Each structure stands twice: as C-alpha cells, then as structure tokens.
Amino acid sequence: MQHGEAPPVVLILGAGVNGACVARELAINGVGVVIVDRHDIATGATAKSSRLIHGGLRYLEYGDVGLVRESLNERARLLRLAPQYVRPLRLHIPVARRTGGLIQAAFRFFKLNRIAASFPFKAGRGLWAVRIGLWIYDYLADSDADVRYRVHRVGEAGLPAVNSNQYRWLCSYSDAQILSPERFVLSLLDDARRAARKRGVRFDVRTYHTAAIRSGQVWISPVEGDGEDETLYPATIVNATGAGGDRTLQSLGVDAERLFGGTKGSHLFTSHPGLRKALGDDGVYAETADGRLVFVLPCGESVMIGTTDVRVEIDPLEVTASDQEIAYLLQMVDAVFPGVGVGPHDVTAHYCGVRPLPYVSTGKTGAIPRGHAIVHGSAASIPIDTLVGGKLTTCRQFGEVAADQILTRLGVPRTATTRNRVIPGGEDYPANDGQLAARLQSAADRAGWSIHQAAAVWDLIGSRLDPLAEEFACGSGETITGTTIPQSFVDWSIRNEAPKHLEDLIERRLMLAWSRDLSLETLRDVAARMVAAGRLPESQLAAEIDRSRRRLEHFYGRRFGD
Ligand SMILES: Cc1cc2nc3c(=O)[nH]c(=O)nc-3n(C[C@H](O)[C@H](O)[C@H](O)COP(=O)(O)OP(=O)(O)OC[C@H]3O[C@@H](n4cnc5c(N)ncnc54)[C@H](O)[C@@H]3O)c2cc1C
C-alpha cells in the first residue's frame, strides 16, 4: 500500500466460522473488511456440525497425520483462548474383541486403500487397532499423563453404561466440545470489529445480503429488498460460502472447475432421561454395523447423536435430516444402549448440514480428504480466493493461511497474529469451578439475577458478563419462557448483536433451537422483546413468529402445539 492511499477493503462472502476467522486476521492487520452473508451469521455447516473440537482420530486411519497434528495443535490453542466455548470432553470407544481391523487400518494408513478394500468387510475395530490409534493420537497431541488414553472394562463405575453383552472394553481418550459455534462466530466478529476500529479501517457485516459483479464492480444488495444497494471495489473477494462455494462462483460469473463435493451429515437430539443418565458427562464414539463411527454426546440436558455421511447435490442451506438417517442413528443408539429404548418420539430436534469437502467423483465418502485448501481465481480482474474444506477445529489456522496470502498480495506487512489472541469472553477466565461460582454470584448480584440466570448468560458470552452486569441491571430480571435467560440479556443481544429476524435470536444468539423446553411461548416472548426494542413492527409480530416456527419445524424437526 502506498503512503496516503485508502486502506484496501476485502470482501468476504460467507459469515461462517471460516469467513469470520479470515475477517479477524485481516482486521487486526489493518485491512478493511466487508462480510456479506445471504442469510444470518453462521447459518451453514458451522451451525450443523457435531460441535467437536477434535484432532480427528478417524483421519489417522487414512494416514492424514499432518491434519491430525494440526488439528490437535489448534484444539489445544482453542481450549486456551476460548475456554468459554471450548471445553474438554472425555470420549469412549466401545470395543468387542481383541483383534480386527488392524491390517485394513495399516493399509489405509499407508494410502493403500484399494488393498484395504479388498479385505472382506467385518465390522468391529479390535482392541489392538484402537489402542495403537489412540497411542499415536496422544503422541501427536503431546498429551499430559492425566488425559492420555486408558482402557476400562465395561461396567466400571462412572463410565457410560454401554451394552455389556456386546462390548468388553471402553477405550477412553480426550478431545473437546464446542456447544455454541454460532456464539463463537459472534465473538470472532466482535473481536474483529474492535480491532478494525482501533486500526481505523472499515468493518461491516451485511447479513441477508448478496453480492454480484456488474460493470467491473461489486454490487451488494439486500435479499429481502428492504434496503439500498451498495457498490464496492474490493481488493480481493474471499469465497467462504462453505459447501455452496461452486454456486457462489457461478453467481459471480466465474467459469471454474467443480471444487466442492459436499456430503450431508445429520444429527438428532433427545432429552430421554435414561439415555442422558446412561451416558453421564462423557461422550461415546461407537462403530456401527457398516463400519462407520458415530458420536453420542452430552449437550446440556440433552444428548446429541450423529452423524451420517451422504453425497448431496442440492443447495447446502436447504438440506434436512431424512427419516432413514434418523432411523439409522436411533438404531445405532439402540445397539450401544439397548435397555434404554430411545424411539422416534423421543427425538426433540434434528438438523442436517453439508461438509464443504473437495470434489471427489468416486469412492467411499469417509475417504474424502478432510484437510483444507485455497483455490485462486478472478472475476472482472478482482482476485477471488475460494476456501475449500476445513473444520471448526482448524478455522483459526485456515483463516491465518488465507489472510497471509491476501496480505502478501496487497503488500501489507503482518503486524499482528491470532496465535495467542483470546476470543472475547475468554479473558481472565476462572481457573476452577469454585472461582466460576464466585464470579457468577457476583455478576448475579450486580445484575439483579439469580445465579442460574447468570450461568445461562455466562454460557453464551463467557467473562464478558463481568463488565456488562451493571448494564443488565437496568432491564427486567424476568426470564424468557422455557429458559433461564433473562429478558435483559435478550434486550442487550437485540441492541448489540444485529439480529434481523426472530430466528436469528432463537437459533444463533440464544442457542434455543434444540433446547428441550423451547415452545411457542418462548418464540412469542422473544418476539415481544424485538417489538419493545423497536426492531419489529407490531403489525409483523404474528408473521415473524410464524416464519421462525416454520423454520424450526422444517430444519430442526421441532413440533409445536398451538
Ligand atoms: C455434519 C457435519 C459435522 C461436522 N462436525 C464437525 C466437528 O465436529 N468438528 C469440526 O471441527 N468440524 C466439523 N464439521 C465441519 C465444519 O462444520 C465446517 O467445515 C465449517 O463449519 C465450515 O465453515 P465455513 O465457514 O467454511 O462454511 P459455513 O459454515 O457453511 O458458512 C457458509 C456461510 O456462507 C453463507 N452463504 C452461502 N452462500 C452464500 C452466498 N452466495 N453469498 C453470501 N453468503 C453465502 C451461508 O449462509 C453461511 O452462513 C462438520 C460439518 C458437518 C456438515
């Protein structure tokens, strides 16, 4: 950049986790950013994942040692920098026999997939195969002794009560869970916005907008026709629209080879008390009859079960969990926890997302590479970088690599990094449960809330609650129906987190889409706060509630009485 020139602006399409990470990297380095999402922030795969921050134990079988090592490094970093969202989780692999799967795994590890596939299929990775995998996993993670893998006998106290007729051992290991990647994205954007303000560069997030290139410039337009068009001359466009990346390139007029070959994965939620009790506070990672691995994970008062892996061609934002997928996942739960009896009526919610995987025309979906890459192109002389692949776990690193390439192209020196930059809400984080309880009590006293209300808000914004507690005291201490979230927090979110629709609050600000006690009354309560804040005309209240309800029914399988 020449002295006296206006700082460059990069246009990022897609406000999922990867778009947000690139934006943050650029903002802290003094590059202006405009993010455009055709929906709300984090509407795509980011909100439809298994919510794990993991090294990817399964990828070891495919010899992706580099990816596993990188993921484990990022897992450690996120546990340190975003403790409000990323928490350690112990997982258990039920194992039935001593041997099995080792030779196939070895061939796959050395990328000899054809030879591995020539072995007759027999489900059930044996104890030795699992032990070797976990040993390598711990070695790559440089795990402390207390979190290294262990082998337990099924039936030991304090472990998931899996089928003792089927399994003999539980191999336990450590990974991490992120219950609110949606809120994580909000925090990343908040950090980026603050950094941009400090650096004096532009930072705008335009949700419910699309971008098109006409006459050599970019036009940014509202999708609901309720605002002005804007034109922009970005220095670069980043296509971070996830599995819809090919469609985005087409809409920009780029004639490119097919880049994405997404597979859809569904998850279901149940608050079945028997399953929640049998699972305890840990997760289970079990092999199904077809050799796939499926998670059963604690999610607050619920249990999340996933996932499937099915090739799809439709718009990634339109996918839903099919009856077959739900039946498949329930069947798996029944095999692992047979006495519990979880049936279709116990499913509180489900969702489905599309992995932004690279296009591979044939072969097993499980064998499609899970790494990430940046593909360069251009339209109307504007460089376009398309982000292909990636995981929640590696989003920071992917954002760093993408930003490095852009900074180099723009001639902007890197002056700041995110390697040790705390995600807002993770600052001054309590070191133990006792300290956390004291902090919650103090915040509750200052905000005029109960400790349960303070805990609910802490789960959403972490230690940002501390400086905001007095501000919350100005509002009502009443809670939103079916939750322990105070109305005053919802009012704050409406003022500060730019929700446009009721669904933005329910699904991605308050994290209620799969909550057991979500009801129509909850929707009415939150919508009423939008009216009170002047964000929703009273005349549109019923239509807005209906819109959110229909979305929850269609995309989350929720059922509401009247
Ligand atoms: C079933 C499943 C399970 C997974 N489990 C895990 C896991 O446990 N751990 C893990 O680390 N990773 C997991 N992943 C992977 C991870 O979720 C994704 O790799 C990651 O979220 C991708 O983020 P993204 O920002 O690239 O895309 P997305 O999150 O899909 O975001 C894309 C955004 O672009 C917007 N958009 C789309 N088209 C346009 C357009 N034309 N213009 C503007 N905006 C547009 C969308 O609205 C969306 O907000 C899983 C993925 C799936 C699907």
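This briefing covers the ligand site, the domain layout and two backbone features of one protein chain. The model is predicted. The chain is divided into four assigned parts: domain 1 (9-45 + 182-260 + 369-410), domain 2 (76-175), domain 3 (267-354) and domain 4 (433-556). The shell around the ligand draws at least three residues from each of domain 1 and domain 3. The protein covers 94% of the accessible area that the ligand has on its own.

**Ligand site**

- The ligand has 35 residues around it. Asp37, Thr46, Leu52, Gly390 and Thr393 come nearest.
- Backbone atoms meet ligand oxygen atoms at several points. A polar backbone atom of Gly390 is 2.7 Å from an oxygen atom of the ligand. For Leu392, a polar backbone atom lies 2.9 Å from a ligand oxygen. At Ala45, a backbone N or O atom is 2.9 Å from an oxygen atom of the ligand.
- On its own, the ligand has 1000 Å² of accessible area, and the protein covers 94% of that.
- Which elements give two or more residues to the shell around the ligand? They are helix H1 (17-28), strand S2 (32-37), strand S12 (263-270) and strand S17 (347-354).
- By residue class, the shell holds 19 polar, nine nonpolar and seven charged residues.
- Gly390 thus appears twice in this picture: among the residues that come nearest, and as a backbone partner of a ligand oxygen at 2.7 Å.

**Domain 1 and domain 4**

- The centres of domain 1 and domain 4, taken over C-alpha atoms, are 28 Å apart.
- Domain 1 gives 13 residues to the contact, and domain 4 gives 15 residues.
- The size of an interface is often given as the accessible area lost when the parts come together. Here, about 1200 Å² is buried between domain 1 and domain 4. Carbon and sulfur atoms give 41% of that area.
- On the domain 1 side, Glu182, Arg183 and Tyr208 lose the most area to domain 4. Together they make up 45% of what that side buries.

**Backbone features**

- Most residues other than glycine have a negative phi, and most peptide bonds are trans. Two sites depart from these patterns, as follows.
- The peptide bond from Gly306 to Thr307 is cis, with omega near 15 degrees. Thr307 sits in the loop between strand S15 (302-306) and strand S16 (310-311).
- Ser215 is not a glycine, yet has a positive phi of about 50 degrees. Ser215 lies in the loop between strand S8 (209-214) and strand S9 (217-222).

Note on methods:
Residues numbered from 1 in each chain as written. Predicted model: local features only at pLDDT ≥ 70, side-chain atom pairs only at ≥ 80, totals over all residues. Heavy atoms only, no water. Near = heavy atom within 4 Å. Polar contact = N/O pair within 3.5 Å; in protein donor to acceptor, adjacent residues only side chain to side chain. Areas by Shrake-Rupley, 256 points an atom, 1.4 Å probe, with all protein chains shown as cover. Helix = DSSP H or I, 4+ residues; strand = E, 2+ residues; numbered from the N terminus. Nonpolar A, V, L, I, M, F, W, Y, C, P; charged D, E, K, R; others polar. Domains from an automatic or database assignment. Contact = heavy atoms within 4.5 Å. Buried area = accessible area lost by both parts, 1.4 Å probe.
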